[in-house]
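Open the model in your viewer, set it to cartoon, and keep the selection box handy. We'll hop from stop to stop, and at each one I'll tell you what to pick and what is there.

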Amino acid sequence: MGSEDNDHQQTALTEDFDSTSDAEESCPALDSDLRALVDRYLTSQRTTGSQAYASTAASVLNRWEAWMATESHELDELNDPQTGARVLNEYALQLAERVANDELVAATAERYFAIVSACLSFGVRQGALDRNPALAEAASESLPQQQRSDRTDQQFWTAVQREAIVEFVDERAAAAPDAALMECRNRALVRILAYSGVRGAEILSHTKDDREGRNGLRWENVDFDAGTMLIFGKNQTWERTPLPSKCLPAVRELHSALAPEDGQWPVFPSGHSPSLYEKARAELGDRFDRLLADEHGDIWQLFRVQNLSPPPLTTAGARSVMKRLTDEADLDVDGEYLKLHGGRRGLGDLLYRIDRGHAQDILRHDDLSTTQKAYQHIDAEERREQLDRHLEDTDE
C-alpha cells in the first residue's frame with residue numbers, strides 16, 4: 001500500500017467536550033474577571049471566526065475556568081511571570097494526568113492548552129492581562145509528548161505547484177487532437193485532486209479492495225446540476241461532497257469524450273491497454289476478435305457497443321500518471337512527484353488559513369481536532385507572528 005493510502009488511516013482524536021462538566025457544577029465561586037474574559041473571547045470567535053472552533057473553545061474554556069476556581073486561582077495571578085507560568089504548568093500537569101488515565105490523547109491535551117493560550121493572548125490584546133503566561137516555556141513543560149508529524153514529512157501541493165500542474169494538463173488537453181481521451185481524463189483527475197479535497201481512494205480503485213465505493217467513482221454518482229459527487233468516505237459511509245466550479249468543465253469534457261454507455265462506467269477509466277483488452281476479452285470470450293474488428297479496432301467503442309464497463313484507474317495507476325505528469329511538466333517537487341494525497345493537503349492548507357471550520361467541513365473531518373492536528377504548523381506560524389508582535393510592543 002502506497003504512502004497516500006497510509007495517510008488515509010489517520011484516526012480522529014477522541015474528544016470529551018461536555019457542555020457542562022462535573023467540575024463546573026461543583027464550583028460555586030468562579031472568578032468574575034476570568035468569566036468576563038472567556039465570554040469576550042468566545043463572542044469574538046463566534047462573530048469573526050469559525051462556529052465550529054467557537055463551540056470547541058467554549059467547552060475547553062469552561063472546563064479550564066472550573067479548574068481555575070477549584071484550585072483557587074484567579075486571573076490576576078497570571079500577570080506575575082513566575083506565578084502565571086506555574087499556574088499554567090499545573091493545568092498542563094492536570095491534562096497530562098488525564099492522558100495517563102486514558103481520558104484524553106496527547107494531541108487533544110495539547111490542543112486544550114493551545115485554546116487556553118489563545119484566550120489569554122486575546123486577554124493581552126484586550127488589556128485584561130500584561131502578558132500571556134502560557135507562552136513561557138515553563139508553562140507547557142508538563143504537557144504530554146506526542147509523536148510529531150508536520151508538513152516537513154508530509155507532502156502538500158503548494159499554490160505554485162497546484163497552478164503549474166493544472167495549467168500543464170489544461171494545455172495538454174487543449175492541444176490534443178479530437179479531445180484525446182487520456183488527456184481529458186488526466187485533466188479532470190488533476191483538477192479534482194487539486195480543488196475538491198477528496199482522497200485518492202475515494203475516486204479510484206484498489207486492486208485489494210473490491211467493495212462498492214472502493215472500485216472507482218462512477219458517473220451515476222456525479223451530479224452536474226448540483227455540482228457534487230457521492231463518494232464512499234473514510235468512515236465507511238456514503239458522503240456527498242462538492243465538485244467545485246474549477247473541476248466541472250474538465251469533468252463535463254471527460255464525460256463527452258468517454259460517452260459512457262451507462263452510469264456504471266468509471267469516471268476515471270484505466271488507460272492501460274493490456275488491462276482494457278483483458279477485460280473485454282474476459283467478457284466477450286471467443287467473440288472478442290470479431291467484435292473488435294467490427295469496431296475497426298476501437299476498444300472504447302467496443303466497450304460502448306457491447307455495454308461493458310472499462311476497468312477503473314487504480315491508485316497505483318494514478319500514482320504512475322502523476323509521476324509522469326510531474327516529470328513532463330518539469331516541476332521542482334519535494335518527494336519526487338506530486339502525490340495524490342498532497343492535493344488534499346494543499347487545499348486544506350489553503351482553507352485552514354482562511355477558516356478552520358470550513359476546512360473541517362470540506363475535508364470531512366468528524367472533529368475539528370483532526371483538522372487542527374493536520375495543520376498544526378499553521379497554528380504555530382500564527383502564534384509565532386503574534387508573539388513577535390507582542391515582543392515588538394514590549395521592546396517599544
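Start by selecting Leu 135. In this predicted model, Leu 135 comes out as partly exposed, because its relative accessible area is 34%, which falls between the 20% limit for buried and the 50% limit for exposed. You'll find Leu 135 in the loop between helix H6 (106–126) and H7. Now add Leu 387 and Leu 391 to the selection: with Leu 135 they form a nonpolar patch on the surface, and together the three have about 220 Å² of accessible area.

Keep Leu 135 on screen and pick Ser 117, which sits in helix H6. Is Ser 117 buried or exposed? Its relative accessible area is 6%, so Ser 117 counts as buried. Show its contacts and, beyond the neighbours within four places in sequence, you get Asn 132, Ala 134 and our old friend Leu 135.

Next, go to helix H18 (residues 376–395) and click on Ile 378. Ile 378 is buried, since its relative accessible area is 0%. What does Ile 378 touch, once residues up to four places away in sequence are set aside? The list is Asp 349, Tyr 352, Arg 353 and Arg 356. Try the distance tool on Tyr 352: C-alpha to C-alpha, Ile 378 and Tyr 352 are 8.0 Å apart, with their positions 26 residues apart in sequence.

Time for the interior. Select Ile 203 and Phe 268, the two residues that touch the most other members of the largest nonpolar core, which has 54 residues. To see where this core comes from, colour the elements that give two or more residues to it: helix H7 (159–175), helix H8 (181–195), strand E2 (228–232), helix H10 (248–258), helix H11 (273–284), helix H12 (288–294), helix H13 (299–305) and helix H14 (315–328). H8 gives the largest share, nine residues.

Zoom in on Ile 203 again. Leaving out neighbours within four places in sequence, Ile 203 is in contact with Leu 189, Ile 192, Leu 193, Val 198, Gly 216, Leu 217, Ile 231 and Phe 268. Apart from this core there is another, of 37 residues; to find it, pick Val 38, Tyr 53, Ala 92 and Cys 119, which are among its members.

Now for the strands. Select the open sheet of three, in the order E1-E2-E3 with antiparallel pairing. Strand E1 (222–223) and strand E3 (238–242) are the edges, each pairing on one side only. How many bridges join E1 to E2? There are two, and one place to look is Asp 223, whose bridge partner in E2 is Thr 228. On the other side, five bridges join E2 to E3, and Thr 228 stands opposite Pro 242 in E3. Follow the hairpin of E2 and E3 through the five residues between the strands, and stop at Gln 236, which takes a positive phi near 70°.

Finally, zoom out to the whole chain. Counting elements gives 18 helices and three strands. Of the 396 residues, 51% are buried. Among contacts with a separation of 6 or more, 67% are between residues 24 or more positions apart. Switch on the surface to finish: the chain exposes about 19100 Å², with carbon and sulfur atoms supplying 45% of it.

Definitions and conventions
Residues numbered from 1 in each chain as written. Predicted model: local features only at pLDDT ≥ 70, side-chain atom pairs only at ≥ 80, totals over all residues. Heavy atoms only, no water. Core = buried A, V, L, I, M, F, W, Y, C linked by side-chain atoms within 4.5 Å. Buried < 20%, exposed > 50% of the residue type's maximum accessible area, 1.4 Å probe, protein only. Helix = DSSP H or I, 4+ residues; strand = E, 2+ residues; numbered from the N terminus. Contact = heavy atoms within 4.5 Å. Patch = residues over 30% accessible without salt bridge, like charges linked within 9 Å, V, L, I, M, F, W, Y side chains within 5 Å. Areas by Shrake-Rupley, 256 points an atom, 1.4 Å probe, with all protein chains shown as cover. Salt bridge = Lys/Arg side-chain N within 4 Å of Asp/Glu carboxyl O. Pairing = 2+ DSSP bridges.
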